[in-house]
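Thank you all for coming; I would like to take a few minutes to walk through one model, beginning with its interior and ending with its ligand. Please have the structure open as I speak.

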Amino acid sequence: MSTVQGYLRAAIAVVAVAAACSPAPPGAPPQPQQSAITHAIVPVPSSVALLPGESFLVDSTVEVVVEDITTNPGDRALADQLATLLRATGSSGPMVGAYDVSSGRRRIVLARGATGLGPEGYDLTISGSAVRITAESAPGLFYGIQTIRQLLPSAVEHPAALSRALRIPAGHIKDAPRFTWRGAMLDVSRHFLSSRDVKGFIDLLALYKMNRLHLHLSDDQGWRIEIKSWPNLTAIGGRGEVGGGQGGFYTQDEFRELVSYAAARFVTIVPEIDMPGHTNAALASYGELNCDGVARAPYAGIRVGFSALCAERDTVYRFVSDVVREIGALTPAPWFHIGGDEVEKISHDAYRAFIERVQGIVQSHGKVTIGWGEISPANLSPATIVQHWKRDSSFVHAARGGKVILSPSKKLYLDMKYDSATVLGLKWAAIIDVRDSYDWEPGTYLEGVPESSVLGIEAPLWSETLEKRSDFEYMAFPRLAVVAELGWSAPANRSWENFRLRLAAHGPRLSGLGVNFYRSPQIPWLQ
Ligand code: TNX
């Protein structure tokens, strides 16, 4: 066997072997009999049939081509991404070529065509002589490329990888997502993350076929986006963070750039400005947003519920309208998240009236409102989306025909500790190891919210205890891979035993990417 073949066989075989041989963690219950796995793709595709022993050799004679570049010039960027990936180990890999049937070269073809798999689905066929991804639209092609990426050895993720030839195992994969909303949320208010770090996080979402990044842009501790008509929001409100650090904010140009960086990876950024509560940073920036007209002191603690915009003042609604208009103009995304959680300072009636008025403002700027579960009792438009996080009345919204995003804190809160020894994070909702986050079913989780009302799932990463990128990564990984599978894969294809073996192979991949992840003892990690 050549080194190349040996290496590639190893990539697959090792997954099964290591899984079978890995010692049980101390104190762990006996593990059930482990079956071998044939691939380590996360999220698991709708169908995978690999042909053992056959593969497509990637060398410099191969071309990546777009079948109909005249109709789809934008697909050239996808071909470039794939060619770059295939050259990643430093071997002389393929270049993007013109589609020319008579060239006789071995090709990797990106093609648009009917697949019956929807706008994000793809059909991937790999033989010894050709690779073809067919999709109805660009996201499908992109996800087909991510699947090829995960069929390659994890060395492709490492910038210092030694030169070695790659092979893609032969077979046929058909795939399409279960939910259209497969999201994560970053709380950049409690602790600020630079746009460079946010881009790094977007790259990881894309690897796992996730398509929404909700940014929690304001809270008591910090206001994180430039608003030109209300400059103190960042000049004063952008300065602090939990623990008294310096904070920070995104300029409008930086935010626009984040939006397009994400869009190139088929991730839509969903901006949130939390209101009427969680607003101390705004209340400190402008006295007129408070009922007594007096600006509040900055806040660097982690209590919640104590702040509220003055719901009786017209200035407040002018402020909200300016903020929604300016942020809304920075992104083509149809949604604007208004928060709405944990308000203790105003009456129920005043709260509901506030939410209804703000929903109207969001609509007047051409956007769809999203809010946390607390907004359900207000008179909401069926187009508004409710994000469930704890016991709430999301079912009321489902009953009026509205859609719900599931972010149950006991399952999906990435800021919850993995076990009682986890240093970072909180534990008010639950302690959530990898299996706890995997073992539940979004379609039947909430009474009164049937699968048809579930838009999808989203995992929030609150940052009271997280100071830097590596902290965020540690809490997000590997649980974000779980979220990806819950959001993408059909229930019939999911199983914990199979997932943990596939996830094991993502250890070296995440290491290659430089991600600081939690080595849960529930997973037989490969080295
Ligand atoms: C609840 S979830 C909050 C956040 C906190 C989080 C900490 C939600 C809508 N509100 O303000 O950061 O708990 O886990």
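The largest nonpolar core has 102 residues, and those with the most contacts inside it are Leu186, Leu213, Leu215, Trp223, Phe319 and Phe477. By such a core I mean a set of buried Ala, Val, Leu, Ile, Met, Phe, Trp, Tyr and Cys residues joined through side-chain atoms within 4.5 Å, where buried stands for under 20% relative accessible area, with a 1.4 Å probe and protein chains only. Helix H8, residues 314-328, gives the most to this core, with seven residues; helices here are DSSP runs of H or I, at least four residues, numbered from the N terminus. Apart from this core lies another one, of 35 residues, among them Val58, Ala83, Ile133 and Ile168.

I should say that this is a predicted model, in which local features need pLDDT of at least 70 and side-chain atom pairs count only at pLDDT 80 or more, while totals for chains, interfaces and linings use all residues. Residues are numbered from 1 along each chain as its sequence is written, and side-chain values use heavy atoms, leaving out hydrogens and water.

Turning to the ligand, which residues come nearest? Of the 13 around the ligand, they are Arg190, Tyr413, Asp415, Trp428 and Glu464, where "around" requires a heavy atom within 4 Å. An oxygen atom of the ligand is 2.6 Å from an N or O atom in the side chain of Asp415, and a polar side-chain atom of Glu464 likewise lies 2.6 Å from a ligand oxygen atom. On the nitrogen side, a ligand nitrogen atom is 2.9 Å from a side-chain N or O atom of Asp341.

Conventions. A polar contact is a pair of N or O atoms within 3.5 Å; within protein, one must be able to donate a hydrogen and the other to accept it, and residues adjacent in sequence count only if both atoms are side-chain atoms. Buried means under 20% relative accessible area, exposed over 50%, partly exposed in between (1.4 Å probe, protein chains only). Helices (H or I, at least four residues) and strands (E, at least two) are DSSP runs, numbered from the N terminus.
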